[in-house]
Amino acid sequence: FLMIRRPPRSTPKPSSAASDVYKRQVHGDFMDSKGVVVVALGGNAILEDKEKGTFEEQYKHVENSAKQLFKIWEAGYTLVVTHGNGPQAGNLLIQQEEATTQVPAQTLHCVGGMTQGQIGYMFQQALQNEFKVNKRPCPIATIVTQVLVDENDPDFKNPSKPVGPFYTKEQALKLQNEKGYVVKEVKPTGDRNWRRVVASPEPKEIIEVEAIKSLIKAGVVTICCGGGGIPVIQTKDGLQGIDAVIDKDKASTVLALTINADYLVILTGISHAVVNFHKPNQKVLNQISVDEIEKYYEEGHFLKGSMGPKVQACIRFVKAGGKKAVITMLDRAVFGLAEKTGTIILPNPAKLQRIN
C-alpha cells in the first residue's frame with residue numbers, strides 16, 4: 001500500500017470546528033462546514049443478501065440510505081458519498097456470461113463502470129428527492145471515477161474481493177468446478193457464507209480527484225469512487241482498464257486523504273467492530289485509539305472478506321492524519337460522528353492533544 005499523507009491546508013487551521021477548505025451550499029449561499037466527511041456505504045445499503053436484486057428492491061434501500069445521508073448533511077457536514085458494488089457487479093457478470101450466445105460479454109472493469117452509473121443514478125435521484133422533500137435545495141452529482149492500481153499487485157494471483165450472490169459451500173464448490181470461479185468463505189457463520197472472489201489490487205491514486213474537489217468546493221454533494229472506482233493501470237499509451245474490483249473502503253481512504261477530509265465513516269450491517277467474535281470473551285469496540293485497534297487487526301480478529309478491510313481503511317486514514325474514523329450501521333451514522341455509538345477510531349492520545 002502506498003501511504004498517502006493528507007496534503008497541507010492552504011491556510012492556518014482556524015480555532016473553530018469549521019473546515020477552512022470546503023464550505024456547504026445552502027439555499028444558493030455558502031456557509032461554514034463542521035468538516036468534510038467521506039461516507040462509505042456497504043452493500044447492505046443497496047441490496048440484502050437474500051434478495052433477488054430487482055431495481056425496486058435496490059431502490060427501496062437506496063431511498064432509506066438517502067434519508068440517513070441527508071441527516072449527516074443537515075447536521076452541518078460537507079458530504080462526500082462512496083459505495084460498494086459487489087452484489088451488482090457479480091450479478092452483472094452472471095448476465096454477461098449467460099448472454100454470450102446473443103451479445104459479447106463485457107470486461108470486468110467495464111462492468112465496474114456500468115455499476116457506477118447504475119448505483120450512482122439511484123443515489124443521485126434518491127438524494128435529490130430527499131433534499132426536495134425537506135425543502136433544502138442542494139446540487140447533487142455522480143462522477144464516474146477511475147482509480148490507478150499496480151498491474152503487479154499480488155492480489156491478481158490470490159484474489160480476495162467477494163462479488164455476486166452468497167452461496168452454500170456445496171454451491172460454491174460446484175461453480176468452482178463447472179465455471180472456474182475462485183470461491184472463498186467470507187462470513188464466519190450462516191448457511192450461505194461463500195462467494196465468488198476476484199482480484200482486488202490496492203488503490204494508488206484517484207484519477208478524477210481534481211474534478212471531485214471542484215464539485216465539493218462548489219457545494220455539490222458528490223457521489224464518487226463507486227465500487228472502489230474502475231481499476232486502471234498506466235501504460236506507455238496512457239490509462240488502460242484492468243479486470244479487478246477495488247475494495248471501496250480502501251479507495252474511500254485514498255479519496256478522503258487526497259481531498260483532505262476530516263472524517264471517514266464506514267457503514268456496514270453491524271453497529272460495532274468486535275474482537276473474539278462468537279467466543280465467551282467477545283468484546284465490542286467502542287472508542288479506541290488507532291494503535292489499539294491496529295494491534296487487534298494484526299492479531300487477526302477481523303475477517304479479510306468483511307470487517308478486515310474496513311478496519312484497515314480506518315487505521316490508514318487516522319494514522320495518515322484523519323481526525324476520526326467511524327464504523328457503524330447506516331441508521332446510526334449521525335450518532336457515530338457525534339461519538340455516541342459505533343466503533344470510534346481516534347488518533348493516539350499524545351497526537352490527539354496536538355490536534356486539539
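These legends walk through several close-up views of one predicted protein model.

Because the model is predicted, local features need pLDDT of at least 70 and side-chain atom pairs count only at pLDDT 80 or more, while totals for chains, interfaces and linings use all residues. Residues are numbered from 1 along each chain as its sequence is written, and side-chain values use heavy atoms, with hydrogens and water left out.

**View 1. Here is the whole chain, with its 10 helices and 19 strands.** Helices (H or I, at least four residues) and strands (E, at least two) are DSSP runs, numbered from the N terminus. Of the 356 residues in the protein chain, 53% are buried. Buried stands for under 20% relative accessible area, exposed for over 50%, and partly exposed for what lies in between (1.4 Å probe, protein chains only). The accessible surface comes to about 16400 Å², and carbon and sulfur atoms hold 51% of that; such areas come from the Shrake-Rupley method with a 1.4 Å probe, and for residues only the protein chains shown count as cover. Take the contacts (heavy atoms within 4.5 Å) between residues at least 6 apart in sequence: 74% of them join residues at least 24 apart.

**View 2. Eight strands line up in an open sheet.** Reading across, the order is 5-11-4-3-14-18-19-17, and the pairing is mixed. Two strands pair if DSSP finds at least two bridges between them. At the edges sit strand 5 (140-142) and strand 17 (287-289), each pairing on one side only. From one strand to the next, the twist averages 20 degrees. Angles here run from 0 to 180 degrees between N-to-C directions, using axes that are lines fitted to C-alpha atoms, for helices over the stretch in contact.

**View 3. Zoom in on strand 4 and strand 11, and on two helices that pack on the sheet.** Strand 4 (residues 78-83) runs parallel to strand 11 (residues 221-223), and the two pair over 2 bridges. In this pairing, V80 stands opposite T222 of strand 11. Helix 1 (residues 55-74) touches strand 3 (36-41), strand 4 and strand 11, and its direction makes about 165 degrees with that of strand 3. Helix 3 (residues 108-133) touches strand 3, strand 4, strand 5 and strand 11, at about 175 degrees to the direction of strand 5.

**View 4. K161 and D247 meet in a salt bridge.** That term covers a side-chain nitrogen of Lys or Arg within 4 Å of a carboxyl oxygen of Asp or Glu, and the structure holds 15 of them. This one spans 3.7 Å, N to O. K161 is in strand 7 (residues 161-167), while D247 is in the loop between strand 13 (238-241) and helix 6 (248-258), 86 residues apart. Both K161 and D247 are buried.

**View 5. E202 and K250 form another salt bridge, with their closest N and O atoms 3.1 Å apart.** E202 lies in the loop between strand 9 (194-198) and strand 10 (205-206) and K250 in helix 6, so the pair ties together parts 48 residues apart in sequence. E202 is buried, at 14% relative accessible area, and K250 is buried, at 14%.

**View 6. E339 reaches K324 in a salt bridge, the closest N and O atoms being 3.1 Å apart.** E339 sits in the loop between helix 9 (333-337) and strand 19 (343-346) and K324 in strand 18 (residues 324-329), so this pair ties together parts 15 residues apart in sequence. E339 counts as partly exposed at 36% relative accessibility, whereas K324 counts as buried at 8%.
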